[in-house]
Amino acid sequence: MKDRWITLGFAALAFVAFYRFFVGPAYRPEEEHSRPLSTEARANGYLALRRWLELQGIPVGELRHRYDWLQRAAELPPGGNLLVITIPFKRAARQSELRELRAWLWRGNSVLVAAGLFDTPEWAVPETNTFGQLYGVTGIEIRFAGDEEDGAGDVEDNAAPDAAAASDADAEEPAPDPPPTFPPPELRRLPEPKHSVLRPIAGHALTRGVLAVHAESEYPAGLFRAVSPASAPMLALMQDEESRIPALWLSWRGEGRLLVSGYGSVFTNKMLARGENAALMANAIEQLLGPGGHVIFDDMHQGAASFYDAEAFFGDPRLHASFWWIMGLWLIWVLGSTRLPPPSQAAAPSMRERTFATATGNLFARVLDRRGVAERLFANFFNEYRQLLGRVRNGEPLWDWLHANSALPSHSVRQLEALHARVAAGKRVNLIDLHNRLQHLRKQIQ
């Protein structure tokens, strides 16, 4: 009766496990906050922007590889493309691919960076390396707005950079080390998202017809100032309405251009139709996209990669849930259905069995001396080739024939001859070494 109850219990557990993994609600990534992906239709995605560009006849694609793919992609023209990057990343960029990105930008392509500096979108938590990632991609250093060091390098001057200031050497300079990580503020979700507005600083083609650009932040964010690299000055185009701090910059890298927004949410699905956000993007497409160029969304660094990602596999909660289910069922089976048998004493062998084992052991316990074994190894070796040469199989050495064989190194034959002399003199030799030497010579003769 007890066995029937155990069987019924395991059947019920098997049914529950089957329903849990194949029928019932499983782990669903869409329950998490949406990320800025070109295929994401929810609030934080770029699907609305992508569909809008496609309706305008603009070639659109997504980057599902690392940045070095941009330089070898056959479908992309060498210049005139626009890459849309959102920071912070979910998958960090390597220094080697950042060098490839700068070289690609230098050759006449453009990059639009939407960085969560002045806003902290829900998908950007708990990532806190926004400053370091922005520095790695653009070379722009971010400082707190209250720092006294912000004077000389600040970018509040609306002066266009000298195109001759950038040199070819800057295109090949190694990726800079990321700046020290600033201590992030205590990130607690706000009761209501904070609404921010950007206003143009002065007239420019990128801000033509743009009166206000809107952004939202679900978490608190600080105030920062951007410091441009010495070889790549920046032009501040728009500023935060409340703090009057620049939050949209334009910079140049060789023949390419770099447009950086301090707000990461301005072009997402939930914000694209607000204010003149779409007009700002339209101006960016008009000014930054060359003839025949493609708009490319960096989906790879937001978690959508086309290659195998071991980190994502082992980080999937479904894998861990499956493991613990299996371990739990195994433990229940061990504790509930198995019974360890009592230890049994081995029966003492009878006198007849003991006598048989002793006789058999003595039969196979004949001892050969080492010299006899060595002599037999030499005799078998020489007889093998004496038979091939049509000679008598008497175990006599074939030193002349071995020395005349061009396939055998002369020093190997001399060493074998010395070992044979030691055996003949009754001295001990290493049988394993002798066997290996004879086998090696057999392979070389063949």
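This passage describes the packing of two helices, several salt bridges and a nonpolar surface patch in a predicted model.

Two packed helices are described by the angle between their axes and the distance between the axes. Helix H11, which spans residues 370-388, packs with helix H14, which spans residues 431-445, at an angle of about 5° and with the two axes 10 Å apart. Because angles under 35 degrees count as roughly parallel, H11 is described as roughly parallel to H14. On the side of H11, the contact is made by Arg370, Val373, Ala374, Leu377, Phe378, Asn380, Phe381, Glu384 and Tyr385, while H14 contributes Leu431, Leu434, Leu438, Leu441, Arg442 and Ile445.

Each of these two helices also holds a salt bridge between its own residues. In H11, glutamate 375 is paired with arginine 371, the closest N and O atoms lying 3.0 Å apart; the two residues are four apart in the helix and therefore separated by about one helical turn. Glutamate 375 is partly exposed, with a relative accessible area of 37%, and arginine 371, at 38% relative accessibility, is likewise classed as partly exposed. In H14, a salt bridge joins the side chains of arginine 437 and aspartate 433, with an N to O distance of 2.9 Å, and here too the residues are four apart, or about one turn of the helix. Arginine 437 has a relative accessible area of 29% and is partly exposed, as is aspartate 433 at 30%. Elsewhere, Arg50, Glu54 and Glu62 are joined into one network by salt bridges that share partners.

The count of salt bridges comes to 15, and among them is a pair formed by glutamate 122 and arginine 189, whose closest N and O atoms are 3.0 Å apart. This pair links distant parts of the chain, the two residues being 67 residues apart: glutamate 122 lies in the loop between strand S3 (110-115) and helix H5 (130-138), whereas arginine 189 lies in the loop between helix H6 (168-171) and strand S5 (194-200). The partners fall into separate accessibility classes, since glutamate 122, with a relative accessible area of 12%, is buried, while arginine 189, at 43%, counts as partly exposed.

On the surface, a nonpolar patch is formed by Phe323, Trp324, Met327, Trp330, Leu331 and Trp333, which together have about 700 Å² of accessible area. One of its members, tryptophan 330, lies in helix H9 (residues 317-337) and is partly exposed, with a relative accessible area of 47%.

Methods: Residues numbered from 1 in each chain as written. Predicted model: local features only at pLDDT ≥ 70, side-chain atom pairs only at ≥ 80, totals over all residues. Heavy atoms only, no water. Patch = residues over 30% accessible without salt bridge, like charges linked within 9 Å, V, L, I, M, F, W, Y side chains within 5 Å. Areas by Shrake-Rupley, 256 points an atom, 1.4 Å probe, with all protein chains shown as cover. Salt bridge = Lys/Arg side-chain N within 4 Å of Asp/Glu carboxyl O. Buried < 20%, exposed > 50% of the residue type's maximum accessible area, 1.4 Å probe, protein only. Axes fitted to C-alpha atoms, helices over the stretch in contact; angles between N-to-C directions. Parallel < 35°, antiparallel > 145°, perpendicular 65-115°, else oblique. Contact = heavy atoms within 4.5 Å.
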